[in-house]
Amino acid sequence: MSMRLLVLGLLMEGNKHPYEIRQTIRSRNWNETFKLRDGSLYYAVDQLREDGLVEAAEIVPVPGENRPDKTIFRITDAGREAFIKLVYQQLEQNSYPQHPVFMALPFVRHCEPETIIPLIEKQITCCEERLTRLRMIYELKSPYIPAGSSMFVRGCIQFSETELNWLNEALADARSGKLFEGPKWSAEQIEAFRKEMGF
């Protein structure tokens, strides 16, 4: 996920303070999909400013002692060009399936099933809760959000539905003990297969 693309895209809609950018992300529920940290958002704005892609549109004094002024940013012409390039670059990227459980699965056979099963159950609960939120968001907002945003939410729902099915399969295999089985082949058989296949 490109924070630069996110910031520039939201500034294409109008001038904003970084706090407003963060609130817009939350109000559109993008935080359901992207992990956003305030520090990375403010850093991205600073970098975009240094690169001449955004600039101060307005500086608003903030009442109170020792409180910094509020800088409202706008996108520059160079920022608009960079934004279009970033959209194209994002669409050209290949997708690689990612899930925090993926890296652990090959090694669960070395662990205690009594510990693994509740962890998978927790993943399922989180996924179900996310799906409920996403479906509600889609139902409430799809009639009036841009078509691309609607497709984005639908994609998140479909990915989450597939994830839920997969997690339920993993849970069934864990409960049956199948998930904790070791290799079906000996080390010698694996090596022979690798040589035969040219790996």
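User: In this predicted model, where does glutamate 32 lie, and does its relative accessibility make it count as buried or exposed?

Analyst: Glutamate 32 sits in the loop that joins α2 (18-27) to α3 (38-50). A residue is called buried when its relative accessible area is under 20%, and glutamate 32, at 18%, therefore counts as buried. Once its neighbours within four places in sequence are set aside, glutamate 32 is in contact with Arg130, Arg133, Leu134 and Ile137.

User: Which residue in the loop between α2 and α3 has a positive phi although it is not a glycine?

Analyst: That residue is asparagine 29, whose phi is about 65 degrees, and its place is in the loop between α2 and α3. Asparagine 29 has a relative accessibility of 18%, so it too counts as buried.

User: How should I read the buried residues of a helix such as α6, and what do they pack against?

Analyst: The general idea is that an α-helix has 3.6 residues a turn, so residues three or four places apart point the same way. Helix α6 covers residues 147-176 and spans 44 Å from its first C-alpha to its last, close to the 44 Å expected for its 30 residues. Among its buried residues are Val153, Cys156, Ile157, Ser160, Glu163, Leu164, Leu167, Ala170, Leu171 and Ala174, and the buried residues of α6 pack against α5 (113-141). Just after α6 comes glycine 177, which takes a positive phi of about 95 degrees.

User: Which residues have the most contacts inside the largest nonpolar core?

Analyst: The largest nonpolar core holds 21 residues, and those with the most contacts inside it are Val7, Leu8, Leu11 and Ile21. Two or more residues each are given to this core by α1 (3-12), α2, α3, β2 (70-75) and α4 (77-92), with α1 providing the largest share, seven residues. Leucine 8 can serve as an example: apart from its neighbours within four places in sequence, leucine 8 is in contact with Leu48, Leu53, Val54, Ile75, Gly79, Ala82, Phe83 and Leu86. There is also a second, separate core, made of 16 residues, which includes Cys127, Leu164, Leu167 and Ala174.

User: Turning to the surface, which residues form a nonpolar patch there?

Analyst: The patch is formed by Trp185, Ile190, Phe193, Met197 and Phe199, which together have about 530 Å² of accessible area. Tryptophan 185 belongs to the loop between α6 and α7 (187-197), and its relative accessible area is 43%, so tryptophan 185 is described as partly exposed.

Methods. Residues numbered from 1 in each chain as written. Predicted model: local features only at pLDDT ≥ 70, side-chain atom pairs only at ≥ 80, totals over all residues. Heavy atoms only, no water. Helix = DSSP H or I, 4+ residues; strand = E, 2+ residues; numbered from the N terminus. Expected span 1.5 Å × (residues − 1). Buried < 20%, exposed > 50% of the residue type's maximum accessible area, 1.4 Å probe, protein only. Contact = heavy atoms within 4.5 Å. Patch = residues over 30% accessible without salt bridge, like charges linked within 9 Å, V, L, I, M, F, W, Y side chains within 5 Å. Areas by Shrake-Rupley, 256 points an atom, 1.4 Å probe, with all protein chains shown as cover. Salt bridge = Lys/Arg side-chain N within 4 Å of Asp/Glu carboxyl O. Core = buried A, V, L, I, M, F, W, Y, C linked by side-chain atoms within 4.5 Å.
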